[in-house]
Each structure stands twice: as structure tokens, then as C-alpha cells.
Amino acid sequence: MRRLLAVLTLPSLLTAALTACGDPDDAEEARAATTVRVLVRDINIRPVGVECAGTGPYTHLHNRSPFQVIDAAGRTLAQGALPAGRSVPTFEEDLEVERVPTYCEFAVPVTVADRDAYRLVVDGHPPIALTPNDTEGPALVAVVPS
């Protein structure tokens with residue numbers, strides 16, 4: 001009778017033990033706030049700080065473009081829509097004129113799990129590699145064209 005009881009309860013005990021361990025992929029991962037910054041090097045002449053969008057082969061980078069931050073395996077870590085871009089000066093030096101060569105920068109706050117690599121997909125276009133950069137606070141940065 002003891003043998004029969006042991007045989008009948010063993011599968012239940014094993015199932016309970018495996019369930020208690022859980023799948024590591026199902027565990028809640030630590031996430032951190034960061035900013036995705038994309039700098040489009042279009043070298044347009046315009047005032048600094050005005051709204052802008054990508055040009056040429058980067059016209060898909062604009063206000064409300066859907067984006068995803070993905071890891072190396074292609075798993076989505078964050079998604080949303082890009083805000084309007086803002087023009088930033090191409091050069092550090094003051095050219096003493098109102099309109100200067102600028103790039104268009106998009107900056108969007110996200111919260112992502114820690115990964116070895118991140119990529120940005122905008123509106124279904126090929127992924128753009130993101131590089132961690134903490135010079136202006138935690139950020140994942142891409143410069144296009146690279």
C-alpha cells in the first residue's frame with residue numbers, strides 16, 4: 001500500500017516542485033529608465049531648437065513614427081511613437097548667425113530590461129544599432145548615417 005501511495009503522489013510532488021522553481025524567462029526582469037536618442041546627420045541650415053524630421057533616406061524618422069527597441073534576439077523591450085525631432089547644432093563653436101548647420105535629434109524616454117545589445121526599429125525599416133552613452137544621463141544612442 002505504501003508503494004502505491006508513493007507512486008500516486010510522486011507525480012504531484014514533482015509537478016509542485018517544478019512549478020515552484022518557475023521558468024526564468026517568466027520572472028520579472030529588472031528594468032531601468034533611459035532615453036533613446038537618434039541623431040540624423042542631415043546638415044540642414046536652420047535655427048537651433050526648431051522642430052524637424054529626417055530627410056532623404058531617413059524620412060521615416062518623424063513625429064508619430066512607430067518604433068520598437070529590440071534586443072539582439074529580436075524581442076521587443078519597448079515601443080511607442082517618436083516625438084517631433086529638434087534641431088541641434090552640428091558644430092560646438094558659435095558661428096554668430098541665426099541659422100546654422102544642424103542635425104535633427106529625436107529623444108524618447110523608455111524603460112528597458114538590461115541587455116548586451118539594443119536596436120531600434122522605426123516604422124518597419126531595418127534595425128539601427130543603439131549604443132549606451134551616459135554623458136548626458138542614461139541613454140541609448142544612434143547616429144545615422146553612422
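This briefing describes the salt bridges of the structure shown above and the burial of the residues that form them. The model is predicted. A search of the whole structure identifies 5 salt bridges. Side chains of opposite charge can pair when their charged atoms come close. The points below concern several of the residues involved, among them D71, which is buried.

**The R46–D42 pair**
- R46 and D42 are joined through their side chains by a salt bridge, with an N to O distance of 3.1 Å.
- Both partners of this pair, R46 and D42, are buried.

**Salt bridges of D71**
- D71 has a relative accessibility of 2% and therefore counts as buried, the cut-off being under 20%.
- One partner of D71 is R75, and the closest N and O atoms of this salt bridge lie 3.0 Å apart.
- The side chain of D71 also meets that of R115 in a salt bridge, at 3.0 Å from N to O.
- D71 belongs to strand β3 (residues 66–71), whereas R115 lies in the loop between β6 (100–113) and β7 (118–122), so this salt bridge ties together parts that are 44 residues apart in sequence.

**R115 and the shared network**
- R115 has a relative accessible area of 18%, so this residue is classed as buried as well, again by the cut-off of under 20%.
- Through salt bridges that share partners, E29, D71, R75 and R115 are joined into one network.

How values were computed: Residues numbered from 1 in each chain as written. Predicted model: local features only at pLDDT ≥ 70, side-chain atom pairs only at ≥ 80, totals over all residues. Heavy atoms only, no water. Salt bridge = Lys/Arg side-chain N within 4 Å of Asp/Glu carboxyl O. Buried < 20%, exposed > 50% of the residue type's maximum accessible area, 1.4 Å probe, protein only. Helix = DSSP H or I, 4+ residues; strand = E, 2+ residues; numbered from the N terminus.
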